[in-house]
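Reader: Please choose one part of this model and take me through it closely, with attention to its charged side chains and how exposed they are. After that, I would like to see that part set against the rest of the chain.

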Amino acid sequence: MKKTGASGDEELSFPILRGEVVDWEGLESIWEYILYDQIGWIYGEEGGLLMTEPMLTPKDVKEKVAQIAFESFNVSGLFLTEQPITSLYSVNKLTGCAVSVGDGVIGIIGYSTLLARPLYLRVSS
């Protein structure tokens, strides 16, 4: 989805709509800006990449993310992990409840090292 800015001369792009990628080229451009311009990666010297994803991400989306990471950004390794679980790990917890709130999606997961039970609610407006 694209919108014209307030002054009329810039164009804003929204490659993710309600938690789903609708413009892969736009998303790839954002990733390139973040990795090379903001983080400071150097072309030809890329490293490993850790990316988080919403729970219950379809397999074809994960495959597309991996394809872009390896083919466009030449990463040496890629680790995709679910956002709520990564949140628990970030506070040094292996067991807990994580709540993820996004655009049109609310996710709740109870997680232990033995069992993850996701409960996701899709909110529509």
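Author: A residue is called buried when its relative accessible area is under 20%, exposed when that area is over 50%, and partly exposed in between. The model is a predicted one, and the part I have chosen is helix H2, residues 59-71, which has the highest mean pLDDT among the elements of the protein chain, 96, whereas strand S1, residues 2-4, has the lowest, 54. Where pLDDT is low, the predicted coordinates should not be read in detail. Over the whole protein chain the mean pLDDT is 83, with 82% of the residues at 70 or more.

The salt bridges of the model come to 2 in number. One of them joins the side chains of lysine 59 and glutamate 63, with an N to O distance of 3.9 Å, and these two residues both belong to helix H2, where they stand 4 residues apart, about one turn of the helix. Lysine 59 has a relative accessibility of 64%, and because that value is over 50% it counts as exposed. Glutamate 63 has a relative accessible area of 46%, which lies between 20% and 50%, so glutamate 63 is partly exposed.

The other salt bridge pairs lysine 62 with glutamate 53, and here the closest N and O atoms are 3.5 Å apart. Lysine 62 is partly exposed, at 30% relative accessibility, while glutamate 53 has a relative accessible area of 8% and is therefore buried.

Turning to the nonpolar side chains, the largest nonpolar core consists of 12 residues, among them Trp31, Leu35, Trp41, Met51, Val65, Ile68, Ala69 and Phe73. Helix H2 supplies at least two residues of this core, as do helix H1 (24-38) and strand S5 (48-53), and the largest share, 4 residues, comes from H1. Phenylalanine 73, one of the core residues, touches Ile68 as well as Glu28, Trp31, Glu32, Leu35, Tyr36, Trp41 and Glu46, when residues up to four places away in sequence are not counted. Apart from this there is a second, separate core of 6 residues, which includes Met55, Leu88, Ala98 and Ile109.

Ile109 leads on to strand S8, residues 105-111, where the side chains alternate: Val105, Gly107, Ile109 and Tyr111 point to one face and are buried, whereas Ile106, Ile108 and Gly110 point to the other face and are not. Strand S7, residues 96-101, runs antiparallel to S8 and is joined to it by 6 bridges, with valine 99 standing opposite isoleucine 108. The two strands form a hairpin with 3 residues between them, and glycine 104 in the turn has a positive phi of about 85 degrees.

As for the chain in which these parts lie, it contains 3 helices and 9 strands, in the order β-β-β-β-α-β-α-β-α-β-β-β from the N terminus on. Of its 125 residues, 25% are buried, and its accessible surface comes to about 8600 Å², with 55% of that belonging to carbon and sulfur atoms. Among the contacts with a separation of 6 or more, 39% are made by residues 24 or more positions apart.

Technical notes: Residues are numbered from 1 along each chain as its sequence is written. This is a predicted model: local features need pLDDT of at least 70, side-chain atom pairs count only at pLDDT 80 or more; totals for chains, interfaces and linings use all residues. Side-chain values use heavy atoms; hydrogens and water are left out. Buried means under 20% relative accessible area, exposed over 50%, partly exposed in between (1.4 Å probe, protein chains only). Two strands pair if DSSP finds at least two bridges between them. A nonpolar core is a set of buried Ala, Val, Leu, Ile, Met, Phe, Trp, Tyr and Cys residues joined through side-chain atoms within 4.5 Å. Contact means heavy atoms within 4.5 Å. pLDDT is the predictor's confidence in each residue, from 0 to 100. Accessible areas come from the Shrake-Rupley method with a 1.4 Å probe; for residues, only the protein chains shown count as cover. A salt bridge is a side-chain nitrogen of Lys or Arg within 4 Å of a carboxyl oxygen of Asp or Glu.
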